[in-house]
Amino acid sequence: MAEDCCSFQLISGAGVLNLKGLESFTRTTNLAQRRLSYAAVAIIGPQSSGKSTLLNQLFRTDFTMMDAYEGRGQTTQGIWIGKGIGIEPFTIAIDVEGSDSSERGQDGTTTFEKRSALFALAIADIVIINM
């Protein structure tokens, strides 16, 4: 993808914050100097509904996408963020793990799904709900 593009896993599938990755992203993108001159766009929705693909097309990010030839399954685990390319103001795209995944649903809990959706709603200026 573009040389300016950078994405990383902000929160793992186990719910652990990647502080080193956040510091690196902030430094690499000069986020601190932008003060309030940026936008955050998050996407939430069911697993395998094209969330990462949509963000990659809209914001020229490089999130991993499902390969249909390998079959359906969980691709995005946790919460990923990436820098949008060629967009003003500076835009952060937030790719949230899909809901209703069989991989996460095996233990009968939806705690991570609820928390990640709440995180997206709280932090993003715009939330795309992909049906």
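**Exercise 1. A backbone nitrogen and its partner**

How far does the backbone nitrogen of Gly 78 lie from a polar atom of the side chain of Glu 97? Work that out, then place Glu 97 in the fold and decide whether it is buried or exposed.

*Solution.* Keep in mind that this is a predicted model.
- Start with the distance: 2.7 Å separates the Gly 78 backbone nitrogen from a polar side-chain atom of Glu 97.
- Next, find Glu 97 along the chain. It sits in the loop that runs from strand S4 (90-96) to helix H3 (102-105).
- Now check the cover. Glu 97 has a relative accessible area of 5%, so it counts as buried, the cut-off being under 20%.
- Gly 78 also turns up in another loop's surroundings: leaving out residues up to four places away in sequence, Ser 12 touches Gly 78 and Phe 112.
- Ser 12 belongs to the loop between strand S1 (7-11) and helix H1 (19-29). Its relative accessibility is 18%, so Ser 12 is buried.

**Exercise 2. The strand just before that loop**

Which strands pair with S4, and do they run parallel or antiparallel to it? Then work out how S4 is covered on its two faces.

*Solution.*
- Take strand S2 (residues 38-44) to begin with: six bridges join it to S4, and the two run parallel.
- Strand S3 (residues 79-83) is joined to S4 by five bridges, this time antiparallel.
- Zoom in on Asp 95 of S4. Ile 43 stands opposite Asp 95, and Trp 80 has Asp 95 as its bridge partner too.
- S3 and S4 make a hairpin with six residues between them, and Gly 86 in the turn has a positive phi of about 70°.
- For the cover, count buried residues: seven of the seven in S4 qualify. One side carries Phe 90, Ile 92, Ile 94 and Val 96, while Thr 91, Ala 93 and Asp 95 are on the other.

**Exercise 3. Who builds the core?**

Which element gives the most residues to the largest nonpolar core? Go from the core's members to the elements that supply them.

*Solution.*
- The largest nonpolar core has 18 residues, and Phe 25, Ile 81, Ile 92, Ile 94 and Val 96 touch the most other members.
- S1, S2, S3, S4 and helix H4 (111-123) each give two or more residues to this core. S4 comes out on top with four.
- Apart from this core lies another, of six residues, including Val 41, Ile 43, Leu 55 and Ala 93.
- As a cross-check, look at the contacts of Ile 94, skipping residues up to four places away in sequence: among them are Ala 40, Leu 55, Trp 80, Ile 81 and Ile 123.
- Here's the background: in soluble globular proteins, nonpolar side chains tend to be buried together.

**Exercise 4. Reading a helix face**

Why can the buried residues of H2 be said to line one face of the helix?

*Solution.*
- List the buried residues of H2 (residues 51-59): Lys 51, Ser 52, Leu 55, Asn 56 and Phe 59.
- Look down the axis of H2. These buried residues fall within an arc of 135°, so they line one face.
- The general rule helps: an α-helix has 3.6 residues a turn, so residues three or four places apart point the same way.
- Ask what does the covering. S2, S3 and S4 are among the elements over the buried residues of H2.
- Finish at the end of the helix: Arg 60 follows H2 and has a positive phi, near 55°.

Terms used. Residues numbered from 1 in each chain as written. Predicted model: local features only at pLDDT ≥ 70, side-chain atom pairs only at ≥ 80, totals over all residues. Heavy atoms only, no water. Buried < 20%, exposed > 50% of the residue type's maximum accessible area, 1.4 Å probe, protein only. Contact = heavy atoms within 4.5 Å. Polar contact = N/O pair within 3.5 Å; in protein donor to acceptor, adjacent residues only side chain to side chain. Pairing = 2+ DSSP bridges. Core = buried A, V, L, I, M, F, W, Y, C linked by side-chain atoms within 4.5 Å. Arc of directions from axis to C-beta.
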